[in-house]
Amino acid sequence: MNENLFSSFITPTMMGLPIVTLIIMFPSMLFPSTNRLINNRLIAIQQWIIHLTSKQMMAIHNQTGQKWSLMLMSLILFIGSTNLLGLLPHSFTPTTQLSMNLGMAIPLWAGTVALGFRHKTKASLAHFLPQGTPIPLIPMLIIIETISLFIQPMALAVRLTANITAGHLLIHLIGGATLALMSISTMTALITFAILILLTILEFAVALIQAYVFTLLVSLYLHDNT
């Protein structure tokens, strides 16, 4: 194939202007709101899934943490729908861009940390120095805990980016191998095509799981600071 392996990760443009903003806004159209007394089956299923996920994720939070429920549910719906739409042919997945994932992870992480220093100042500062630490190790432990705190948003963004990018690259490579093997060995091409189908099904699961993992980790950071 003459197509560049990483061409699907290039930000799409129209008439020289990036259209990534329109792509990011598109998933919100998949979750319409309704004022009807009785909803149709699609909206009823969506509301049931949202209610179930929200109930499970916010069960560990106190009253302060539950104020973040709308933001966390919007986050998991956005990441999940964006990942699923990115599996469509000739589509673009914004969550493969590390800059965008950092743009989501850093403000959410910073918000939870700021909330912790505001409501649990002593407990937040105590994380930097475990109780019973020998005096010679105090400076080293403070440095290590500080670095681990600032690595948290980077870990969130890199985890999401790596998982989504790796899956798309595998689909691209196996799809190209299937096309190349069709003129060489039909049986081998069919086997490769079966692997491609299984990998695509796996990627659908990974798209939803990574959205849940990203939001769950933000929820855990929030729980530790409220």
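Which residues does I79 touch, not counting residues up to four places away in sequence? In this predicted model, I79 is in contact with T95, M104, L160, A211 and F214. That makes a good place to start our walk, since I79 is also among the residues with the most contacts inside the largest nonpolar core.

Let us look at that core as a whole. It has 24 residues, and alongside I79 the best-connected members are L72, L75, M104, L156, F214 and V218. Four elements, α4, α5, α7 and α8, each give two or more residues to this core. Two of the contacts of I79, M104 and F214, are themselves on the list of residues with the most contacts there.

Now turn to helix α2, which covers residues 41-57. At 1.5 Å a residue, its 17 residues should span 24 Å, and the end C-alpha atoms are indeed 24 Å apart, so expectation and model agree. The buried residues of this helix are I43, Q46, T53, S54 and M57. Viewed down the axis of α2, these buried residues fall within an arc of 100 degrees, and therefore they line one face of the helix. The general background is helpful here: an α-helix has 3.6 residues a turn, so residues three or four places apart point the same way. What does the buried set of α2 pack against? Its partners are α4 (69-85) and α8 (186-224). On the other side of α2 you will find R41, W48, H51, K55 and Q56, which are exposed.

Next comes an aromatic feature. How many aromatic pairs does a search of the whole structure find? The search returns 1. The rings belong to W109 and F150; their centres are 5.6 Å apart and their planes meet at 55 degrees, so the pair counts as tilted. The two partners come from distant parts of the chain, 41 residues apart, with W109 in helix α5 (residues 98-119) and F150 in helix α7 (residues 138-181). Their surroundings contrast: W109 is buried because its relative accessible area is 11%, under the 20% limit, whereas F150, at 53%, is exposed.

Finally, consider the annotation. An unreviewed UniProt entry lists residues 6-31, 68-92, 137-158, 164-182 and 189-222 under "transmembrane region". How do two of these spans look in the model? Residues 164-182 are 95% helix and 0% strand, with end C-alpha atoms 27 Å apart. Residues 189-222 are 100% helix and 0% strand, and their end C-alpha atoms lie 49 Å apart.

How values were computed:
Residues are numbered from 1 along each chain as its sequence is written. This is a predicted model: local features need pLDDT of at least 70, side-chain atom pairs count only at pLDDT 80 or more; totals for chains, interfaces and linings use all residues. Side-chain values use heavy atoms; hydrogens and water are left out. UniProt positions are given in the numbering used here, feature names are shortened, and annotations may be inferred rather than shown by experiment. Rings of Phe, Tyr and Trp (its six-membered ring) pair if their centres lie within 6.5 Å; planes under 30 degrees apart count as stacked, over 60 as edge-to-face and the rest as tilted. Buried means under 20% relative accessible area, exposed over 50%, partly exposed in between (1.4 Å probe, protein chains only). The expected span of a helix is 1.5 Å times one less than its number of residues. The arc is that of the directions from the helix axis to the C-beta atoms. Contact means heavy atoms within 4.5 Å. A nonpolar core is a set of buried Ala, Val, Leu, Ile, Met, Phe, Trp, Tyr and Cys residues joined through side-chain atoms within 4.5 Å.
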